[in-house]
Amino acid sequence: MSEKNDGANRDATTKRSARERLQQERERQKTRDKRRRTLIVSAAVVGVLGLAAVVGLIAANAGSGDKSAKAGPVAAPSGATGKDALAIQTGPAGAKSRLTVWEDFRCPACKAFETNYRDTIHDLESRGLLNVEYHLVTLIDGNMGGSGSLKGANAAACAQDAGKFAAYHDLLFQNQPEETDDAYGKNAKLLELAGKVDGLDTAAFRSCVEDGTHNSWVGKSHEAFAAGKFRGTPTVLLDGKDIFADQADPLTPQKLKAKVEAAAGVPKGKPSGSASPSGAASPSASASGKASGSGGSKSLSKGVPQG
């Protein structure tokens with residue numbers, strides 16, 4: 001009888017232990033399930049916040065850069081021309097051909113254009129064959145943040161007041177920082193470079209730069225760029241036609257020279273001063289992106305991609 005009781009007790013103990021283990025396992029499973037649900041909810045919240053951040057970034061990129069570009073009265077630089085006086089001209093006004101250039105001083109593709117076409121453009125200007133109309137925009141400020149596009153453009157407009165635009169314009173591109181480095185957002189850097197242009201670093205120029213005298217004018221120029229629905233920077237038009245419209249066969253510096261000379265009636269084969277590059281390199285354009293957003297870059301075997 002005692003042995004039967006002992007056996008029954010052992011069975012009961014075994015069953016109780018099994019139930020307890022099962023209960024413990026159920027509790028552990030509940031804990032795991034709760035933890036999993038918490039992680040899933042947390043991930044969903046992070047995803048929503050991340051999406052909101054991306055949407056905010058896209059909205060910011062659709063802007064025109066530093067809001068101070070729209071503050072204050074519009075003060076055009078000396079000699080500004082074109083519709084609403086939003087262009088700065090170099091070269092003779094009576095030239096047969098006109099090159100219209102939309103540029104951003106922070107735009108890497110703009111620097112590539114300037115590097116490869118500068119000598120040809122200056123040669124044609126000096127011979128009285130080409131007039132260039134520069135429009136300054138703030139695309140990279142809007143895409144990357146910062147104020148270097150705006151402040152660089154304002155400083156260039158201040159240089160125009162001093163009759164030193166062309167030299168300072170070229171210097172800004174020659175010393176262009178990395179696209180992500182907003183060095184031109186610091187007036188000290190812009191003034192330092194002005195010291196390299198003979199006669200530019202004056203009290204009047206410094207005041208113009210530090211006061212942002214032409215900021216609103218730059219803002220109006222960017223608005224005109226956006227209204228024009230251009231693909232990006234640089235946008236370069238020869239007598240109204242985009243020289244990079246045919247990306248398989250863009251207008252290289254050599255072809256630009258030939259077209260401008262032909263328009264002016266210069267006989268083929270006539271010596272023409274400084275030599276020009278036969279084509280442009282394939283630079284990496286910025287996020288600076290397309291006019292509609294941050295955009296990407298394209299590399300071409302000839303010509304310059306737009307930023």
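**Fold and nonpolar core of the predicted model**

Of the 307 residues in the chain, 41% are buried. The model is a predicted one. The accessible surface amounts to about 15,600 Å². Carbon and sulfur atoms hold 54% of that surface.

The chain contains nine helices and five strands. Their order along the sequence is α-β-β-α-β-α-α-α-α-α-α-β-β-α. Contacts often link distant parts of the sequence: among those with a separation of 6 or more, 74% join residues 24 or more positions apart.

In soluble globular proteins, nonpolar side chains tend to be buried together. In this chain, the largest nonpolar core has 50 residues. Six of them touch the most other members: Leu99, Phe113, Ile121, Tyr168, Phe205 and Leu256. Helix H4, which spans residues 148–161, gives the most to this core. Its contribution is seven residues.

The surroundings of leucine 256 were examined next. Neighbours within four places in sequence were set aside. Leucine 256 is then in contact with Leu99 and Ile121, both also among the core members that touch the most others. The remaining contacts of leucine 256 are Tyr117, Thr120, Leu124, Leu238 and Leu251.

Helix H5 covers residues 165–174 and is mostly covered itself. Seven of its 10 residues are buried. These are Phe165, Tyr168, His169, Asp170, Leu171, Leu172 and Phe173. Of these, Tyr168 is also listed with the core residues that touch the most other members.

Conventions. Residues numbered from 1 in each chain as written. Predicted model: local features only at pLDDT ≥ 70, side-chain atom pairs only at ≥ 80, totals over all residues. Heavy atoms only, no water. Core = buried A, V, L, I, M, F, W, Y, C linked by side-chain atoms within 4.5 Å. Buried < 20%, exposed > 50% of the residue type's maximum accessible area, 1.4 Å probe, protein only. Helix = DSSP H or I, 4+ residues; strand = E, 2+ residues; numbered from the N terminus. Contact = heavy atoms within 4.5 Å. Areas by Shrake-Rupley, 256 points an atom, 1.4 Å probe, with all protein chains shown as cover.
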